[in-house]
Amino acid sequence: MPDAQPVENHRTIDYALNFHDDQAQFFRVEPEPDGRKVIVRGICPGCGGRTRTVWPTGIGSGSKGTFTGSGEEAAARIPDRNRLVRCECGLSHPNRPATELFTGCGANWHVEMP
Ligand SMILES: [Zn+2]
Ligand SMILES: [Zn+2]
């Protein structure tokens, strides 16, 4: 069941804020060459569309991704490496609020930062 590289099969479901657990293994988290952001890519667990999210890195951290301090220090600086990612399939979903910044179905899930 892991080895899931599903073919694109987008479902035009109604927009809904649904949290999906245990999705991290299905998403690739790749640092950009400049080290200032990471790209999260995968297939949305809600609508099946390809989603791509760009995260700035280094927030609250002076280093560029590598920690030289102890584990405790690192934990204090980045309390939670899990980030909430929202579907950004870029395709339209009915009932999406005009105020919603993310162009997706509203599905959200956690990924782990590298
Ligand atoms: Zn979608
Ligand atoms: Zn979606």
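**Entry 1: a loop residue**

I started at Asn95, which sits in the loop between β5 and β6. Since this is a predicted model, I note everything below as a property of that model. I asked myself whether Asn95 is buried or exposed. A residue counts as exposed when 12 or fewer other C-beta atoms lie within 10 Å of its own, and Asn95 is exposed because it has 11 such neighbours inside 10 Å.

Next I looked up the backbone of Asn95 and found a phi near 70°, a positive value in a residue that is not glycine. I wrote beside this that most residues other than glycine have a negative phi.

Then I asked which residues Asn95 contacts once its neighbours within four places in sequence are left aside. They are Asp14 and Tyr15. I also looked at the distance to Tyr15: the two residues are 80 apart in sequence, yet their C-alpha atoms are 5.5 Å apart in space.

**Entry 2: another positive phi**

I went on to Asp22, which lies in the loop between β1 and β2. Asp22 is not a glycine either, and its phi is positive, at about 55°. With 9 other C-beta atoms within 10 Å, Asp22 is exposed.

**Entry 3: the chain as a whole**

I then stepped back to the protein chain and found one helix and six strands. Following the sequence, I read the pattern as β-β-β-β-α-β-β, with the helix placed between β4 and β5. The chain has 114 residues, of which 20% count as buried. I also looked at contacts between residues at least 6 apart in sequence, and 62% of these join residues at least 24 apart.

**Entry 4: the sheet with β1, β6 and β5**

Before turning to the sheets I reminded myself that strands of a sheet pair through backbone hydrogen bonds, either parallel or antiparallel. In one open sheet, three strands are arranged in the order β1-β6-β5, and the pairing is mixed. The edge strands are β1, covering 19-20, and β5, covering 82-86, and each of them pairs on one side only.

I asked how many bridges join β1 to β6. There are two, and these strands run parallel, with β6 spanning residues 108-112. For a named pair, I noted that the bridge partner of Phe19 in β6 is Asn108.

**Entry 5: the sheet with β2, β3 and β4**

I found another open sheet of three strands, in the order β2-β3-β4, and here the pairing is antiparallel. The edges are β2 and β4 (50-56); each has a single partner strand, so one side of each has no neighbour in the sheet. From one strand to the next, the twist averages 20°.

I took the two pairings in turn. Strand β2 (residues 28-31) is joined by four bridges to β3 (residues 37-43), and across this pairing Arg28 stands opposite Arg41 in β3. The hairpin of β2 and β3 has five residues between its strands, and one of the residues I checked there, Gly35, takes a positive phi near 75°.

Strands β3 and β4 are joined by seven bridges and also run antiparallel. I wrote down two bridge partners in β4: Thr53 for Val40, and Trp55 for Val38. These strands too form a hairpin, with six residues between them, and Gly48 in the turn has a positive phi of about 80°.

**Entry 6: the nonpolar core**

Last, I looked for where nonpolar residues gather, having noted that in soluble globular proteins nonpolar side chains tend to be buried together. The largest nonpolar core has 14 residues, and those with the most contacts inside it are Val40, Cys44, Cys47, Cys87, Cys89, Cys105 and Ala107. Both β3 and β6 supply at least two residues of this core, and β3 gives the most, with three. Val40 therefore appears twice in my notes, as a bridge partner of Thr53 and among the core residues with the most contacts.

Which residues does Cys105 touch, not counting those up to four places away in sequence? I listed Ile13, Tyr15, Cys44, Gly46, Cys47, Cys87, Cys89 and His93. Tyr15 brought me back to my first entry, where it was in contact with Asn95.

Key. Residues are numbered from 1 along each chain as its sequence is written. Chains are lettered from A and ligands numbered from 1 in the order in which they are written. Two strands pair if DSSP finds at least two bridges between them. Two residues are in contact if their C-beta atoms, placed from the backbone, lie within 7 Å. Axes are lines fitted to C-alpha atoms, for helices over the stretch in contact, and angles run from 0 to 180 degrees between N-to-C directions. A nonpolar core is a set of buried Ala, Val, Leu, Ile, Met, Phe, Trp, Tyr and Cys residues joined through C-beta atoms within 7 Å.
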